[in-house]
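Biologist: I'm new to reading protein models, so could we walk through one together? I'll ask, and you explain how you get to each answer.

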Amino acid sequence: MTARRLVVAAAQLGPVQPEDGRERTVGRLIALLREAHRRGATFVVFPELALTTFFPRRFIEDERELDAFYESSVPGPDTRELFEAAAALGVAFYLGFAERVEEAGHVRRFNTSILVDERGAVVGRYRKVHLPGHADHEPWRPFQHLEKRYFDHGNLGFPVFDALGGTVGMCLCNDRRWPETFRVLGLRGAELVALGYNTPRHYPLAPEHDRLQDFHNHLCMQAGAYANGCWVVASAKAGIEDGCELIGGSCVIAPTGEIVAQAQGLGDEVVLADVDLERCREIRDNIFDFATHRRPGDYGPLSD
Ligand code: ING
């Protein structure tokens, strides 16, 4: 079996405070990228909404104040340095950010990730499908989770892209909890799924599950990796951000479902792993050989 090896990094980011400007944060991303490159990585995964604080935790009524959290062009003035640093080192990366775009005369706002190749070209885009939380201010909560208010439903589906010498898919945060995310990407041949997340430890509607957040985080990704025979590279924004505790647990998961590398702390941290994309075949040619074993005809509700 020929190998298709590469070294990947989950570049975990500690808290980004509301007062942190993009320049400071992009500087942190570049430092993480440089360290990952120094240690041999050619692909780096940054978190969801990596350029700003996780602003859906706040009820923001002023349109201009809200718009300040979105990027109207990536690469753009605030991110060009990151693209240039990555291209100079020949490192591809995944970046999550809030996207503001005018489509057919309407302003659309998405929770977006892009896949950037080693030459600095955007070769893939994904817009978050599973938006958790709520659409209206709920003052009873210690913090809001207004993704349903601040983002439109992602309109690109779950595409896969030819990149890194194989087939790469992307998703964002809550998407990872839905088996359908990994299954659609798996059916489209994804050999590696890159994702970023911002996950509060406290879940106001079920506080008894707060103690399970780290377990649930890995459970859903390990299951997704195993059932679809793909690598998962997952990067957290972690730590106490704007008074809200975000879990860490950034990791790289093999197609067997094993966590092969994991963050040790809750700050900026490079989590490095050797990936061989050919190892997906251990699963896809055997236990989860879809063509041989899968029975879509019996999965009615899944495809209704
Ligand atoms: N955050 C969380 C996530 O899905 C959440 C929302 C937290 C859901 C805790 C369930 C439990 O990881 C985002 N941004 O989707």
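What follows is a chat about this predicted model, from its ligand to its helices and loops.

Biologist: Let's start at the ligand. How many residues surround the ligand, and which are the closest?

Modeller: The shell around the ligand is made up of 14 residues. The closest are Glu-147, Cys-173, Asn-174, Arg-177 and Thr-199.

Biologist: What kinds of residues make up that shell: how many are nonpolar, polar and charged?

Modeller: We can sort the residues of the shell into three groups. The split is four nonpolar, five polar and five charged.

Biologist: Which side chain has a polar atom 2.9 Å from a nitrogen atom of the ligand?

Modeller: Let's go atom by atom. On the oxygen side, an N or O atom in the side chain of Arg-177 is 2.9 Å from an oxygen atom of the ligand. For Thr-199, an N or O side-chain atom is 2.7 Å from a ligand oxygen. The nitrogen you asked about has its partner in the side chain of Glu-147.

Biologist: And how much of the ligand's surface does the protein bury?

Modeller: Start with Thr-199, whose side chain has an N or O atom 2.7 Å from an oxygen of the ligand. Taken alone, the ligand exposes 370 Å², and the share of that buried by the protein is 93%.

Biologist: Thr-199 keeps coming up. Is Thr-199 buried or exposed?

Modeller: First, its place: Thr-199 sits in the loop between β8 and α6 (213–228). Residues that Thr-199 touches include Cys-173, Arg-177 and Gln-213. Its side chain also makes a polar contact of 3.0 Å with the side chain of Arg-176. Because its relative accessibility is 4%, and the cut-off is under 20%, Thr-199 counts as buried.

Biologist: Now a helix. How far does α1 reach from its first C-alpha to its last?

Modeller: Helix α1 covers residues 22–38, which is 17 residues. At 1.5 Å a residue you'd expect 24 Å, and the model is close to that: α1 reaches 24 Å.

Biologist: What covers the buried residues of α1?

Modeller: The buried residues of α1 include Val-26, Leu-29, Ile-30 and Leu-33. Their cover includes two pieces listed as β1 (5–12) and β2 (43–45). Also among the cover are α3 (80–89), β3 (92–103) and β14 (269–276).

Biologist: Which residue just after α1 takes a positive phi?

Modeller: Look just past the end of the helix, where phi is about 100°. The residue there is Gly-40.

Biologist: Leu-49 has a positive phi too, although it is not a glycine. Is Leu-49 buried or exposed?

Modeller: Its phi is about 45°, and you'll find Leu-49 in the loop between β2 and α2. Because its relative accessibility is 0%, Leu-49 counts as buried.

Biologist: Which two residues does a cis peptide bond join?

Modeller: Check omega, which is about 0° at this bond. One partner lies in the loop between α2 (63–67) and α3. The pair is Val-74 and Pro-75.

Biologist: Over to Glu-191. Which residue's side chain makes a polar contact of 2.5 Å with Glu-191?

Modeller: Glu-191 is in the loop between α5 (179–187) and β8 (192–197), and it is buried, with a relative accessible area of 14%. Among the residues it touches are Gly-166, Trp-231 and Cys-280. The side-chain partner at 2.5 Å is Arg-4.

Biologist: How far apart in space are Pro-255 and Glu-191?

Modeller: Pro-255 is in the loop between β12 (251–253) and β13 (259–262), and at 1% relative accessibility it counts as buried. Along the sequence, Pro-255 and Glu-191 are 64 residues apart. In space, C-alpha to C-alpha, the distance is 8.4 Å.

Biologist: Last one. Which side chain does Arg-183 make a polar contact with?

Modeller: Arg-183 sits in helix α5 and is partly exposed, with a relative accessible area of 23%. Residues it touches include Ala-227, Phe-290 and Arg-294. The polar contact, at 2.7 Å, is with the side chain of Asn-228.

Technical notes: Residues are numbered from 1 along each chain as its sequence is written. This is a predicted model: local features need pLDDT of at least 70, side-chain atom pairs count only at pLDDT 80 or more; totals for chains, interfaces and linings use all residues. Side-chain values use heavy atoms; hydrogens and water are left out. A residue is near a molecule or strand if one of its heavy atoms lies within 4 Å of it. A polar contact is a pair of N or O atoms within 3.5 Å; within protein, one must be able to donate a hydrogen and the other to accept it, and residues adjacent in sequence count only if both atoms are side-chain atoms. Accessible areas come from the Shrake-Rupley method with a 1.4 Å probe; for residues, only the protein chains shown count as cover. Ala, Val, Leu, Ile, Met, Phe, Trp, Tyr, Cys and Pro count as nonpolar, Asp, Glu, Lys and Arg as charged, and the others, Gly among them, as polar. Helices (H or I, at least four residues) and strands (E, at least two) are DSSP runs, numbered from the N terminus. The expected span of a helix is 1.5 Å times one less than its number of residues. Buried means under 20% relative accessible area, exposed over 50%, partly exposed in between (1.4 Å probe, protein chains only). Contact means heavy atoms within 4.5 Å. Lists of a residue's contacts leave out its neighbours within four places in sequence.
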